[in-house]
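Colleague: Please take me closely through one part of this model, the sheets and the helices packed on them. Then follow those helices into the pockets.

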Amino acid sequence: MLLHILNGDATLEIFEKSGVPGRPLVWREMLSEGKTPAGCDLGLFFEKRGAYLHDVYGINREAYIADIGNTRKILQQASQFEEIVLWFEFDLFCQVNLIFLINYLLRLNTPMPRVSVVQPGSHPEVPDFRGLGMLKPEHFPPLFENRRYLEAGDWQLASSAWEAYTGSDPLAIAALTTQSAPNLPFLGGALLAHLQRLPSEENGLNSIERFFMEQITLAPLSERALFSIFWDEKKIFGFGDFQLRATLQRMADAGVVQHDSEMVRLTDLGREVLRGEHDYLAFAPVSNAWLGGIPLGGTPWRWSNREGKVLKK
């Protein structure tokens, strides 16, 4: 039997109607959001991760640990499957989950079957392709038939990328943005998008925060309209409602936007920050804010929009 690890429940609903043989397993994590503890075994990683998600995002720790525990039990049986197929996409959200899972499988103390990956970056029948959840059941068998098997270079790059992502030095991540592997064509672009989430050299706003503020400079927008523009223009991130609302809440807490159930508005402070008159980090709540292994509180690292690279302040 084949084990298919899917990137979300939206994909599961379509996959189950596709006729592709095998057992589906949904990976329910958003490792691109918040702290990813480094230097610990897998069990402790999820304990720390669950505690962090509960403290910062209010996610039920017990439910998280239970769901991850069930997933891990199935993955521990990897040797019983003929093949493991990883269904993920081109964006940052999926690519971080993908490199974690490849690294996780690499660290399992069990014989490993062949591992393949399906990661479309586009689809000829879906002009505005953003993810597998947009496809129809009949699209899945051809994608499955064209899956690619991981090679030694893929395992090595995924392992290096995960180690860098959980580390505190963004230059280690930057060094990987131009490296390639046979079957990880989207990883470099996703890692570059991750680095652009660092505070900017110009005003402390990261790429997403700046984008939101620029959209509401002329007039307020509804949350749904703002998110729709983001999904159209910033597909590389792959973020859903939860992550975007968390970003807006942090911005509202900093006082640069007013965010209620109806509209998102730019404040006077927001306009001043956008013009570079203030540093956003002077107002943003960063005491427990992380980008993978990089704590934002007191970070010397900045992203330079002018130079297109990471700088140390």
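**Sheets, helices and pockets**

Modeller: Five strands make up an open sheet of mixed pairing, ordered 2-1-4-5-6. Its edges are strand 2 (23-26) and strand 6 (148-149), each of which pairs on one side only. Bear in mind that this is a predicted model.

Start with strand 1 and strand 4. Strand 1 covers residues 2-6 and strand 4 covers residues 83-87. The two run parallel and are joined by five bridges. Within this pair, L6 of strand 1 faces W87 in strand 4.

Now add the helix. Helix 4 lies across strand 1, strand 4 and strand 5 (114-118). Its direction is at about 160° to strand 4.

Helix 4 leads on to the largest pocket. Helix 4 (92-107) gives at least two residues to the lining there. So do helix 1 (9-15), helix 3 (61-75), helix 10 (223-233) and helix 11 (241-254). The largest share comes from helix 3, with four residues. The volume of this pocket is about 800 Å³. Its lining counts 35 residues. Nearest the centre are N7, F93, G238, F239 and G240. F93 falls within helix 4, the helix that spans 92-107. By class, the lining of the largest pocket holds 17 nonpolar, eight polar and ten charged residues.

The second largest pocket has a volume of about 470 Å³. It is lined by 29 residues, and E33, Y57, A246, R250 and A289 are the closest to its centre. Two or more lining residues come from each of helix 2 (42-57), helix 9 (207-215), helix 11 and strand 10 (290-292). Helix 11 gives the most, six residues. A246 and R250 both sit within the 241-254 span of helix 11. Y57 belongs to helix 2, which covers 42-57. The class counts for this lining are 17 nonpolar, seven polar and five charged residues.

Helix 11 thus takes us to another sheet. This one is open, has three strands in the order 7-9-8, and pairs in the antiparallel sense. Strand 7 (221-222) and strand 8 (257-259) are its edges, and each pairs on one side only. Three bridges link strand 8 to strand 9, residues 263-266, in an antiparallel pairing. Here V257 stands opposite L266 in strand 9. Helix 11 packs on this sheet and touches strand 8 and strand 9. The directions of helix 11 and strand 8 make about 125°.

So helix 11 turns up in three places. It helps line the largest pocket. It gives the most to the lining of the second largest pocket. It also packs on the three-stranded sheet.

Last, the whole chain. It contains twelve helices and 13 strands. Its radius of gyration is 20 Å, close to the 20 Å that the globule rule gives for 313 residues, so the chain is as compact as a globular protein of that length. Along the principal axes, the C-alpha trace spans about 60 × 40 × 40 Å.

Note on methods
Residues are numbered from 1 along each chain as its sequence is written. This is a predicted model: local features need pLDDT of at least 70, side-chain atom pairs count only at pLDDT 80 or more; totals for chains, interfaces and linings use all residues. Side-chain values use heavy atoms; hydrogens and water are left out. On a 1 Å grid over the protein atoms alone, a cavity is a set of points where a 1.4 Å probe fits but cannot get out, and a pocket is an open set with protein on both sides within 12 Å along at least five of seven lines; lining residues have an atom within 4 Å of a point. Grid points are joined across faces, edges and corners, and a volume is the space filled by probe spheres set on the points. Ala, Val, Leu, Ile, Met, Phe, Trp, Tyr, Cys and Pro count as nonpolar, Asp, Glu, Lys and Arg as charged, and the others, Gly among them, as polar. Two strands pair if DSSP finds at least two bridges between them. Contact means heavy atoms within 4.5 Å. Axes are lines fitted to C-alpha atoms, for helices over the stretch in contact, and angles run from 0 to 180 degrees between N-to-C directions. The radius of gyration is taken over C-alpha atoms; the globule rule is 2.2 Å times the number of residues to the power 0.38.
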